[in-house]
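Hi,

Here is the structure I said I would pass on. Have a look at it first, and my notes follow underneath.

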Amino acid sequence: MPDPIDTYWQLRLERCRQSLKKNNFEVFMAADTQSAGAVFQNDILPGIEVKTAAWGDSMTMLATGVLDAVKSDPGIQLIDPFDAQASPQERLERRRQALLTDLFFTGSNAVTETGVLVNLDMVGNRVAGLTFGPKHVVLFIGRNKIVPTLDDAMRRVKTVAAPANAIRHPGLKTPCMKTAVCMDCSSPDRICNTWCITEKCFPKGRIKIILINQDLGL
């Protein structure tokens, strides 16, 4: 007898895939992070011309190992927007440069079963790269990011993704780090500044999504 939980997720992932496809995203499926990395290497990278690449913060993307693979490719110049050895001004400049790359990696805070991406950013570089600039965008999305509707997606961001991301950065000082829920604060360290709702991909196929059948990231 098939595992009912596995069947449950297969059905939800497929429904989400079909919706995203209808909204002009190019969508791939992967069983786990290792498979997601292989999908990128075997099914996506050979079909695009990449000389420069960069990324927006994503725990799911990092878990796939694709960043290490790109770093080891002598034909790709990788811009590191998070280099701890660089000054804050240099890191900010690299985030600007990332918007002109051939390839941009990141994740998503939520994705609806109707095929809509929902993200909330502090600096804005992640959602900027998703929206415009890089020629190709690849998103790595774990199954736990799937929600039924736009309202559910925004609720997920405010009650799960944003507080958890703030807690992940202990140098920040925001109320949600103590309450585990958005307090709509005015803290200088507030990470909830720019919403991005991507209803359809333009041009068609520019954004490529790998849906992963694991709970990943925040």
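**What lines the pocket**

Let me start with the part you will probably want to open first. The largest share of the lining of the largest pocket comes from α7, which gives five residues. One caveat before going further: this is a predicted model.

That pocket has a volume of about 770 Å³. Its lining is made up of 33 residues, and those nearest the centre are Asp57, Phe82, Asp121, Arg168 and His169. Besides α7 (150-168), the elements that give two or more residues to this lining are α3 (59-64), α5 (88-97), β6 (117-121) and α6 (125-131). If you sort the lining of the largest pocket by class, you get 16 nonpolar, ten polar and seven charged residues.

**The cavity**

There is also one cavity of 30 Å³ or more. Its volume is about 100 Å³. It is lined by 13 residues, with Cys176, Cys182, Cys185, Arg190 and Cys192 closest to the centre. Here too α7 gives the most to the lining, this time with three residues. By class, the lining of the largest cavity has ten nonpolar residues, one polar residue and two charged ones.

**The two sheets**

Now for the fold around these. The protein chain has eight helices and ten strands. Its radius of gyration is 17 Å, close to the 17 Å that the globule rule gives for 218 residues, so the chain is as compact as a globular protein of that length. The C-alpha trace spans about 50 × 45 × 30 Å along its principal axes.

As a reminder, strands of a sheet pair through backbone hydrogen bonds, and the pairing can be parallel or antiparallel.

One open sheet has six strands, in the order β1-β10-β7-β4-β2-β3, and its pairing is parallel. Why do β1 and β3 each have one side without a neighbour in the sheet? Both β1 (26-30) and β3 (77-78) stand at the edges with a single partner strand each, so one side of each is left free of a neighbour there. Further in, β4 (residues 103-106) and β7 (residues 136-142) pair in the parallel sense over four bridges. To find that pairing on screen, go to Leu103, whose bridge partner in β7 is His136.

The other open sheet is built from four strands in the order β8-β5-β6-β9, and here the pairing is mixed. Its edge strands are β8 (146-147) and β9 (194-198), each of which pairs on one side only. Between β5 (residues 110-112) and β6 the sense is antiparallel, over two bridges. Val111 stands opposite Leu117 in β6. And α7 turns up again: it packs on this sheet, touching β5, β6, β8 and β9, and its direction makes about 30° with that of β6.

**Two backbone details**

Which bond is cis? The peptide bond that joins Phe202 and Pro203 is, with omega at about -10°. Pro203 is found in the loop between β9 and β10 (207-212).

The other detail is Asn24, which has a positive phi of about 75° although it is not a glycine. Asn24 lies in the loop between α1 (4-22) and β1.

If you only have a minute, start from α7, which gives five residues to the pocket lining and three to that of the cavity.

Cheers

Technical notes: Residues numbered from 1 in each chain as written. Predicted model: local features only at pLDDT ≥ 70, side-chain atom pairs only at ≥ 80, totals over all residues. Heavy atoms only, no water. 1 Å grid on protein atoms, 1.4 Å probe; cavity = no way out; pocket = protein on both sides within 12 Å on 5 of 7 lines; lining within 4 Å. Points joined across faces, edges and corners; volume = space filled by probe spheres on them. Nonpolar A, V, L, I, M, F, W, Y, C, P; charged D, E, K, R; others polar. Pairing = 2+ DSSP bridges. Contact = heavy atoms within 4.5 Å. Axes fitted to C-alpha atoms, helices over the stretch in contact; angles between N-to-C directions. Rg over C-alpha atoms; globule rule 2.2 N^0.38 Å.
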